[in-house]
There are 2 protein chains.
Amino acid sequence: MRLLNVDTVEEARQKMISAMECHEPETIEKELLDAKGATLAEDICAGENVPFFRRSTVDGYAVKAADTQGAGESIPVFLNIAGEVEMGKGCDQTVTSGTCVYVPTGGMIPEGADGVVMVEYCELFSDSQAAIYQSVPVGANIVEAGDDMKEGEIVLKRGTKLTPQSIGVLAALGITRVRVYHPWRISIISTGDELVAPKEKPGPGQVRDINTYGIYAMSRQLGFEVSGYAVLKDERSLLFKTAEKAMENSDIVVVSGGSSQGKKDETNSVIDELASEGAFTHGLALKPGKPTILGYDKPSKTLLVGLPGHPAAAMLVFKLLVGWLWRTRTGGKEPYPWTAEISTNLPAAPGKLTCQLVHLERMEDGRLLACPVFGRSGLISTLSRADGYVLIEENKEGLKKGEQVSVFEI
Amino acid sequence: MRLLNVDTVEEARQKMISAMECHEPETIEKELLDAKGATLAEDICAGENVPFFRRSTVDGYAVKAADTQGAGESIPVFLNIAGEVEMGKGCDQTVTSGTCVYVPTGGMIPEGADGVVMVEYCELFSDSQAAIYQSVPVGANIVEAGDDMKEGEIVLKRGTKLTPQSIGVLAALGITRVRVYHPWRISIISTGDELVAPKEKPGPGQVRDINTYGIYAMSRQLGFEVSGYAVLKDERSLLFKTAEKAMENSDIVVVSGGSSQGKKDETNSVIDELASEGAFTHGLALKPGKPTILGYDKPSKTLLVGLPGHPAAAMLVFKLLVGWLWRTRTGGKEPYPWTAEISTNLPAAPGKLTCQLVHLERMEDGRLLACPVFGRSGLISTLSRADGYVLIEENKEGLKKGEQVSVFEI
């Protein structure tokens with residue numbers, strides 16, 4: 001009964017990390033416009049100052065700030081207009097004491113100027129003279145070269161998930177191809193004599209397979225490529241052959257199903273035989289998620305994952321193990337959970353990490369209330385009603401109503 | 001100076017809704033495996049009970065619960081074994097008083113049975129008799145037909161963003177094609193004499209265009225299709241022609257740029273001319289985001305959006321207006337914000353909604369701290385350092401250190 005020797009989630013995670021030590025995620029270069037959602041495989045260092053010249057943040061006159069001292073609403077200072085800066089052009093004018101140059105918003109600040117007076121505080125006195133009605137300090141209305149990004153500065157770190165705003169940063173630096181992590185290739189196998197494909201009508205005693213679709217969508221959500229999927233009858237040789245074949249072109253082979261004792265042992269024995277050093281995890285101290293099996297095959301570089309047959313449990317375990325592993329191996333950071341108040345007393349499973357599904361409600365004062373969604377782990381509707389989950393540590397007896405919890409998105 | 005008549009964000013939103021009243025988002029049918037992230041365009045009603053037969057949640061013996069009364073660890077009850085249920089098969093056995101039938105986890109509960117005793121509490125006494133060492137109540141270890149989803153029940157609502165778990169729900173119901181909203185087609189135009197494409201090296205006074213890439217990525221994040229993008233010199237006739245052409249195959253044409261007064265007026269006048277009833281919003285009471293222009297052209301069914309030239313402002317306004325509009329028109333719900341404590345006193349712009357960028361830190365007790373990210377709205381690095389934004393209402397003077405705020409993800 002090896003299934004009794006369960007690992008904690010933390011132990012299982014560390015075993016995966018150790019087993020896959022030499023399995024570096026591959027990288028690939030992507031066009032920036034196609035890179036949204038991908039994970040940066042390198043630090044990005046600014047190759048130049050952004051902006052690389054001093055710019056005005058307003059429409060106005062570039063001046064020597066000292067020249068405006070004493071100017072005010074009713075006491076103008078008069079400066080000679082030495083020229084006008086055109087948008088998108090360099091400027092060869094120089095601002096010397098007693099002169100000013102017109103600059104549009106975003107235009108280049110001429111040599112010698114150290115401040116800009118907004119056009120609202122200026123008046124054309126003649127074609128060649130401006131009356132300035134405001135005193136400005138040095139640096140007024142100027143963005144200095146490098147104010148946005150400094151040459152040599154690391155502006156995005158390896159592991160950054162490319163959001164629209166980080167894509168904007170890369171565009172500003174002229175980086176239109178980026179090195180990102182190649183998504184893992186995953187194969188999904190669902191087993192069970194009772195399973196039929198979703199498009200079929202189940203006969204007596206049969207149910208539609210949920211896990212293939214659920215794990216497929218979750219894999220895509222994590223950015224993985226699904227290299228294949230199959231729904232199999234419960235037959236050891238069939239599972240063995242299908243998994244062995246899938247290992248040829250997958251980083252991960254996921255097998256779900258087999259909820260009865262005999263079937264669980266079968267998945268266990270198949271993974272045990274296929275993994276070069278046998279299965280290393282034969283169950284998780286997690287509720288739900290006990291019948292989880294893990295192994296790694298060195299020659300083919302494949303992680304083998306046996307998931308519980310119950311859809312909600314399968315998807316949660318997939319997220320807690322495979323999702324965590326991808327994030328950890330690619331240098332990503334865990335998304336911030338919501339902070340919420342638990343709506344009711346909640347017992348936990350002694351000696352196990354409890355993963356409690358909750359849905360969120362916003363209270364009148366803006367804070368969030370986490371309401372447990374009850375239902376057996378076999379029920380997919382339970383999972384779909386939940387916004388996230390709360391983890392209750394193994395050494396905790398449960399949660400007290402009103403206690404503050406972190407809610408992680410599913 | 002029509003630009004002085006600014007709208008609040010709420011007013012601008014309502015004007016968009018009114019203008020687009022007859023512009024129903026189109027729908028499209030998608031294969032379930034390709035539907036992740038799409039928005040359901042219809043309520044989903046369970047066409048059948050899930051499961052549609054009574055199932056066992058354990059390996060054990062299906063019994064009449066009353067027969068087990070009085071059984072205990074040392075006092076077994078003996079029942080005749082009337083047969084065995086096979087996984088994925090119907091069963092024609094009936095459990096009558098004094099008999100039991102073996103059922104695997106997930107197997108069909110035979111007629112007559114109203115409870116299951118786990119195999120751990122049973123012993124084979126002979127080939128045809130089992131000793132039962134536990135008393136079980138009616139319903140023990142049984143999932144009733146419809147326990148997961150009841151026939152006729154609405155299980156997913158229009159507007160649901162298809163997550164892996166909702167895809168699981170659809171798979172369970174045998175729904176492998178779903179009607180979802182057709183993504184809006186968007187064209188993105190950046191204007192500015194100072195702009196060069198990101199892959200070019202800027203000359204004196206020039207900068208790389210950020211908005212095309214940023215808004216492109218943000219559009220993809222919202223699920224839109226980008227039907228075209230262009231970076232243009234500041235020339236009214238060029239902008240007019242490009243926007244007019246884009247209206248032929250777009251639901252939305254976004255123009256960004258023109259940060260100087262003259263250029264802002266130009267975008268305004270182009271949108272004013274292209275929209276069948278002229279522009280309806282000529283500025284937003286939002287900081288940053290004032291130079292925002294909105295109009296709608298009825299004949300071509302196109303929303304025209306003039307965004308601020310500053311990248312951070314452009315992306316925030318795009319999210320607050322276009323992102324909001326898509327969610328509202330497709331029946332979606334706003335994602336739950338994080339609840340956090342603001343780390344410092346923060347003044348707000350009087351009479352304007354202030355959109356303050358913040359980055360989050362997790363405090364020791366698990367709560368989140370929202371730390372303002374300061375920097376001019378023209379700086380893209382400011383936006384990329386932020387995890388989200390806090391909205392400070394127009395009638396609020398600012399935030400006090402330690403005050404609780406809602407942080408919305410960018």
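Student: Which residue of chain B comes closest to the rotation axis?

Tutor: B:Trp338 does, with its C-alpha at 2.6 Å. Keep in mind that this is a predicted model.

Student: What makes the relation between chain B and chain A a two-fold rotation axis?

Tutor: Look at the operation. A rotation of 180° superposes chain B on chain A, with 0.0 Å of shift along the axis. The RMSD is 0.1 Å. The two copies are thus related as by a two-fold rotation axis.

Student: How do you know that the same surface serves both copies?

Tutor: Check the contact residues. Of those in chain B, 100% recur in chain A. In number, 84 residues of chain B touch 84 residues of chain A. Contact here means heavy atoms within 4.5 Å.

Student: How much area do chain B and chain A bury between them?

Tutor: About 7,100 Å², and 60% of it is on carbon and sulfur atoms. On the chain B side, B:Leu33, B:Gln165 and B:Tyr336 lose the most area to chain A. Together they make up 11% of what that side buries.

Student: Now the helices. Why are α2(A) and α3(B) called roughly antiparallel?

Tutor: Helix α2 of chain A covers residues 164-172, and it packs against α3(B) at an angle of about 155°. Angles over 145 degrees count as roughly antiparallel. The pair therefore earns the name roughly antiparallel. The two axes are 8 Å apart, and the crossing is right-handed.

Student: Which residues make that contact between α2(A) and α3(B)?

Tutor: From α2(A) come A:Pro164, A:Ile167 and A:Ala171. From α3(B) come B:Tyr213, B:Gly214, B:Ala217, B:Met218 and B:Gln221. By class, that gives 6 nonpolar, 2 polar and no charged residues. Gly counts as polar in this scheme.

Student: Why are α3(B) and α6(B) called roughly parallel?

Tutor: Again, start from the angle. Helix α3 (residues 211-221) and helix α6 (residues 311-329) of chain B cross at roughly 25°. The limit for roughly parallel is under 35 degrees. So α3(B) and α6(B) are roughly parallel to each other. Their axes come within 10 Å, in a right-handed crossing.

Student: What classes of residue has the contact of α3(B) with α6(B)?

Tutor: Take the residues by helix. α3(B) supplies B:Asn211, B:Gly214, B:Ile215, B:Met218, B:Ser219 and B:Gln221. α6(B) supplies B:Pro311, B:Ala314, B:Met315, B:Phe318 and B:Lys319. They divide into 6 nonpolar, 4 polar and 1 charged.

Student: Why are α4(A) and α5(A) called oblique?

Tutor: Helix α4 (residues 236-246) and helix α5 (residues 261-274) of chain A cross at roughly 40°. Roughly parallel needs an angle under 35 degrees, and roughly perpendicular runs from 65 to 115. The angle of roughly 40° fits neither range, so α4(A) and α5(A) are oblique to each other. Their axes come within 10 Å. This crossing is right-handed.

Student: Which residues of α4(A) and α5(A) meet?

Tutor: In α4(A), they are A:Arg236, A:Leu239, A:Phe240, A:Ala243 and A:Glu244. In α5(A), they are A:Glu266, A:Thr267, A:Ser269, A:Val270, A:Glu273 and A:Leu274. The classes are 5 nonpolar, 2 polar and 4 charged.

Student: What makes a peptide bond or a phi value worth pointing out?

Tutor: Most peptide bonds are trans, and most residues other than glycine have a negative phi. Chain A offers exceptions. The bond from A:Val50 to A:Pro51 is cis, with omega near -10°. A:Pro51 sits in the loop between β2 (44-45) and β3 (55-56). Another cis bond joins A:Lys287 and A:Pro288, with omega about -5°. A:Pro288 is in the loop between β19 (286-287) and β20 (293-297).

Student: Where is A:Asn141, and what is its phi?

Tutor: A:Asn141 lies in the loop between β9 (129-132) and β10 (142-143) of chain A. Its phi is positive, about 60°, although A:Asn141 is not a glycine.

Notes. Residues numbered from 1 in each chain as written. Chains lettered and ligands numbered in written order. Predicted model: local features only at pLDDT ≥ 70, side-chain atom pairs only at ≥ 80, totals over all residues. Heavy atoms only, no water. Axes fitted to C-alpha atoms, helices over the stretch in contact; angles between N-to-C directions. Helix = DSSP H or I, 4+ residues; strand = E, 2+ residues; numbered from the N terminus. Left-handed = near helix turned anticlockwise from the far one by under 90°. Least-squares fit on C-alpha atoms with pLDDT ≥ 70 in both. Buried area = accessible area lost by both parts, 1.4 Å probe.
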